[in-house]
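Here's a quick tour of the structure shown below. Take a look at it first, then read on.

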Amino acid sequence: MNAFKDAGHLFRFAGLFVLAFVVFLLIRGYVVPKSFGQYGHYRGAAIAEIGARPVKYAGHEACETCHTDQANAKSKGKHAHVNCEACHGALAKHADDPAAVTPVKPDSAVLCARCHTATAAKPKGFPQVNPADHSNGVPCATCHQPHNPAIADAGGAK
Amino acid sequence: MTGVEGFMYPNEVGLQWSVLIVLYPFITGLVAGAFILASLERVFHVEAVKPTYRLALLTALAFLIVAPLPLQLHLGHPERSPEMYFTPHSTSAMAMFGYVYLWYLMAVLVFEIWLDYRKDIVLLSQSSKGLLKVMYKVMSLGSDNISPRALHIDEKVGWIVTLIGIPSAFLLHGYVGFIFGSIKANPWWSSPLMPVVFIFSAMVSGIAGVMLIYMATTKLRGRTIDMRCVDTIAMYLFYIFIIDFSLEMLDLIHRIYEADESFRSLDFMVHTQLYIPHIVIQIILGTVTPLVLLFVTQVVKLPEQIRKRIYVISGCLALMGIFAMRWNVVIGGQLFSKSFLGYTTYKMTLVTREGSLVAIGLSILPLFILWALIKLLPPWATEPPTHTAAAD
């Protein structure tokens, strides 16, 4: 009994730990969303929230409905599998109301260089250039038709 | 894209982990090392280091309080960091480490300091006045039982806590090494030896740190430095330094012999960009020089004054070397490309959230906390008069 009395201060310290643990559990219960862990290690309700967000991309089928000339040209060239909105940006609003939202034409001098600037990491067969040496600032679209960039006379794009 | 040589992938050009991430393992290392030094007296009964026992515990606490700050400053959203505790993922080393940190802080360090100081706290709560009295009352948790039996229980429990504290200190710093060593995508880091190297380098830095703090505080108080104590600490520093250096060399030899696909790239980096911080500062100045100096003190009988100077120089060089080791691990691991075809550079900013001024501030902050802790809980209050009476 005496030993218990002389160890009383240790129980106080232990009590402090228990109190801290209870406070931790209370805060945890308050701040962790109820749907956390419903499907995995994330907030389950996030799926519905993300699903409710407006769609920003129209999809190439929507573009091809109106822009048949460009779609035809693209289907015959090396860019056949590049999606329209990969270059033109997300344009669901334009597809919904073409008159109200008019997309800006991309600057080919900047846009093309994003993929076609030469680096050691790209496969050798991929057309890549040093833009400064290749065109000296002249927009790529001056010579290349972006939807089908191969230049027939030159025997294809370099 | 300044400072890029050869080819870097776009996400490798700018370093993700800055000098603050260098500071983090350095500070936690000091904590673990200081605690191991304290355990020498408590568990292994090395009586000679007794004058540093309490100081080592307070040093460990001061640095442990600061340890998470570099991480918080590095985070884009520090307010989200508690989520690591609320919803920890079992595959996250950092989340698990968060619990190790809390365990070490509260269940080991604070508990051990409280047990060791309880008698002083109770006596101080009776002798002090005003706000200090209230503080000591709160710290005593309202218990003023300092009967011999109660203190005997404290002693026994304290011993058990220190015993648990040793693997906890190893776990604390082993985890920091684990965080780097387990990144298999980075050949500079990925090594199972990393946690072990980190633990021993932590012990070196912690022991050197406490030795320097002990010498400085004793000098500032105008007391005599207990040479038996610093000689013993220096001896342990020397031995642990040898183990640490051997492990680092073992890792290096293993890498050279294995010579995997990353070797040529890493070897080039060590001979160019990392030459000064790795070869010169870490190995020559920060490891070999203090090892030679400490070796001399072990084999040659030198006068007290010379020994003191050698210990100060060795301690400072050891701390510099361990900091360089952390730098070379953290920064060095981000300087080369995963393509092994190029290198980037790290330029430390001055006045930014992750700049050098903040890093210097965070390095000094634990010393201010230690000063406050010493004021609140004087580590030399119960020193026998023979330690304190003689003037230097």
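## Inside chain B

Let's start with one residue: leaving aside neighbours within four places in sequence, A60(B) is in contact with V31(B), A34(B), F35(B) and L109(B) (contact means C-beta atoms, placed from the backbone, within 7 Å). This is a predicted model, where local features need pLDDT of at least 70, side-chain atom pairs count only at pLDDT 80 or more, and totals for chains, interfaces and linings use all residues. Residues are numbered from 1 along each chain as its sequence is written, while chains are lettered from A and ligands numbered from 1 in the order in which they are written.

A60(B) and V31(B) turn up again in the largest nonpolar core, which has 100 residues; along with V204(B), I207(B), M211(B) and L237(B), they touch the most other members. Such a core is a set of buried Ala, Val, Leu, Ile, Met, Phe, Trp, Tyr and Cys residues joined through C-beta atoms within 7 Å, and buried means that 20 or more other C-beta atoms lie within 10 Å of a residue's own.

Across chain B, 40% of the 392 residues count as buried. Among its contacts between residues at least 6 apart in sequence, 80% join residues at least 24 apart. The C-alpha atoms of chain B fill a box of roughly 70 × 55 × 35 Å along the principal axes.

## Where the chains meet

Here's what each chain brings to the contact:

| Chain | Residues in the contact |
|---|---|
| chain B | 19 residues |
| chain A | 17 residues |

By class, the chain B side that touches chain A has ten nonpolar, seven polar and two charged residues (Ala, Val, Leu, Ile, Met, Phe, Trp, Tyr, Cys and Pro count as nonpolar, Asp, Glu, Lys and Arg as charged, and the others, Gly among them, as polar).

Note on methods. A residue is buried if 20 or more other C-beta atoms lie within 10 Å of its own, exposed if 12 or fewer, and partly exposed in between; C-beta atoms are placed from the backbone. Two residues are in contact if their C-beta atoms, placed from the backbone, lie within 7 Å.
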